[in-house]
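Please look through the sequence and the model shown here before reading on. The report that follows is written for someone meeting this structure for the first time.

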Amino acid sequence: MTQEASMTDRIHGKPIDIAKLKQPVLSDIRGHLEKIERIVHYLSEKETAIEQESCYICDNNAREHLVDIHGFNYVTCSDCGHVYTTRRYTDDAIRRFYEDNAYWAKVTYANKETCQYRRENVARPKVEFAERYLSNTRGVWLDIGSGIGDIVSVAKERGWQAVGLELSATSVEFALEVFGVELQRQTLDEYLDSNPGIIGELSVVSMIGLLEHIVDPMAMLRRVRSALRAGGGVMIQVPNAYSLTTMIQETSPENVFRHMSPIEHIMLFTESSLTRALELAGFEIVAHWYHGLDVYELMVNQILNNSRISSSRLYRALVEAMNDLQMVIDKRELSDRIICVARVC
Ligand SMILES: [Zn+2]
């Protein structure tokens, strides 16, 4: 895999307090992994998986085996470098799963102890990142897949007319309770079809941790493109397939509960496949931001392999050094997340 050199702005790193942000997971890693395995089992019992014959982005069917994780085969597209599972569940099956399993939203995002921290230290820098490259006039900002509404909450505070779409009832309730934000329980198509006046008027569309879940990312990007006004653009965050976390998970697939978690991420992007997707949909990337949780992944993996580590001096030293260590990974663009801003062209 090679990374294409490009003339975009390139930003690296974002300090976070991992112990604070991931406390619900860190306090019981083994239990968390077992729950993920149970969810995989739940879906395989209740739903029928369908085959994914070709690449979601370039439609090429040539591919190479990457790794098997919890019974799913991840492959790399020979053309654009996109990584995806050869089997997946339908949108409806995934929606049924999220409706029946409020646990997922609670442990990862909708956790009261971490939500204010997440708003200030995760959502706010992302909103400010998009503002640097997209129009200064505060128009309509549409956030698709809003989760607990942290992006919408920050964008509103900063003067945008922010609208958030979120399908999970648990998350919608939570957003209202903690941030006073009213999210719409609609898909993008439902929202645009019921608000035709907004088409061609959107200034910013954000999709944070969204495209890797959905079965037709190209259709979504094209629909978003058609709804943006001239000068508008998107901010997109996706998991990076060409990352240290991927390499860790390739070597210990039995320990995977995030990133290449097949029920959650049916695909992962490379900078090359993300660029291809955006160009095909009519966008031009203006900035990349690499940051990730690869050192966290390394630690979690060590703990799962050796339970003595979680109460060790090694663990405490790594937690203290985590931001510095992660910055080295981010500068090498081996971090497990890519965020980009792209303008309509
Ligand atoms: Zn491809």
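The sections below go through a metal site, the nonpolar cores, one helix, some aromatic contacts and a few backbone angles, all in a model that is predicted.

## The zinc site

The zinc ion has as its protein donors the SG atoms of C55, C58, C77 and C80, which lie 2.3 Å from the ion. Along the chain these donor residues follow the spacing C-x2-C-x18-C-x2-C. C55 sits in the loop between β2 (50–51) and β3 (63–69), whereas C80 sits in the loop between β4 (72–77) and β5 (83–85), and the pair, 25 residues apart, links distant parts of the chain. The arrangement around the ion counts as tetrahedral because the four donor atoms subtend angles of 98 to 119°. For comparison, the ideal angle for four tetrahedral donors at a metal is 109.5 degrees.

C55 is buried, with a relative accessible area of 3%, and C80 is buried as well, with a value of 2%.

## Residues around the zinc site

The loop between β4 and β5 also holds H82, and this residue counts as buried, at 0% relative accessibility. Leaving out residues up to four places away in sequence, H82 touches a list of residues that includes the zinc donors C55 and C77, and among its other contacts are Y56, I57, M267, L268, F269 and S273. D79 is placed in the loop between β4 and β5 too, but at 40% relative accessibility D79 counts as partly exposed. Beyond its neighbours within four places in sequence, D79 is in contact with C58, N60 and R276.

H65 lies in strand β3 and touches N73, Y74 and V75, when residues up to four places away in sequence are not counted. The C-alpha atoms of H65 and C77 are separated by 9.2 Å, and these two residues are twelve places apart along the chain. R87 lies over the face of F72, at 4.8 Å from the ring centre.

## Two nonpolar cores

The largest nonpolar core has 46 residues, and those with the most contacts inside it are M207, V224, V234, I236 and L278. Helix α10 (residues 217–227) gives the most to this core, contributing five residues. A second core, separate from the largest one, has 29 residues, including V152, F174, L183 and W289. In soluble globular proteins, nonpolar side chains tend to be buried together.

L278, one of the residues with the most contacts inside the largest core, touches L221, V234, I236, F283, I285, C340 and A342, again without counting residues up to four places away in sequence.

## Helix α12

How many of the eleven residues of helix α12 (residues 271–281) are buried? Eight of them are, so that the helix is mostly covered, given that buried means under 20% relative accessible area. The buried residues are E271, S272, S273, L274, T275, A277, L278 and A281. These buried residues pack against β1 (9–12), α10, β10 (228–239), β12 (283–291) and β13 (337–344). Just after α12, G282 takes a positive phi of about 95°.

## Aromatic pairs

A search of the whole structure finds five aromatic pairs. One of them is formed by W141 and W160, which meet edge-to-face, with 5.1 Å from centre to centre and 80° between the planes. W141 lies in strand β7 (residues 140–144) and W160 in the loop between α7 (150–157) and β8 (161–165), so the pair ties together parts that are 19 residues apart in sequence. W141 is buried, with a relative accessible area of 1%, and W160 is buried at 4%.

Elsewhere, F129, Y133 and W289 form one aromatic cluster, and W289 is also among the residues of the second nonpolar core.

## Positive phi outside glycine

Most residues other than glycine have a negative phi. D59 has a positive phi of about 70° although it is not a glycine, and its place is in the loop between β2 and β3. E333, which is likewise not a glycine, has a positive phi near 60° and lies in the loop between α14 (313–331) and β13.

Are these residues buried or exposed? D59 is exposed, with a relative accessible area of 56%, whereas E333 is buried, with a relative accessible area of 12%.

Conventions: Residues are numbered from 1 along each chain as its sequence is written. Side-chain values use heavy atoms; hydrogens and water are left out. A nonpolar core is a set of buried Ala, Val, Leu, Ile, Met, Phe, Trp, Tyr and Cys residues joined through side-chain atoms within 4.5 Å. Buried means under 20% relative accessible area, exposed over 50%, partly exposed in between (1.4 Å probe, protein chains only). Helices (H or I, at least four residues) and strands (E, at least two) are DSSP runs, numbered from the N terminus. Contact means heavy atoms within 4.5 Å. Donors are N, O and S atoms within 2.8 Å of the metal (3.2 Å for Na, K and Ca); water is not among the atoms, so sites may look incomplete. Four donors count as tetrahedral if all angles lie between 85 and 135 degrees; four count as square planar and six as octahedral if opposite donors are over 155 degrees apart and all others between 65 and 115; anything else is irregular. Rings of Phe, Tyr and Trp (its six-membered ring) pair if their centres lie within 6.5 Å; planes under 30 degrees apart count as stacked, over 60 as edge-to-face and the rest as tilted. A charge sits over a ring if NZ of Lys or CZ of Arg is within 6 Å of the ring centre and within 35 degrees of the ring normal.
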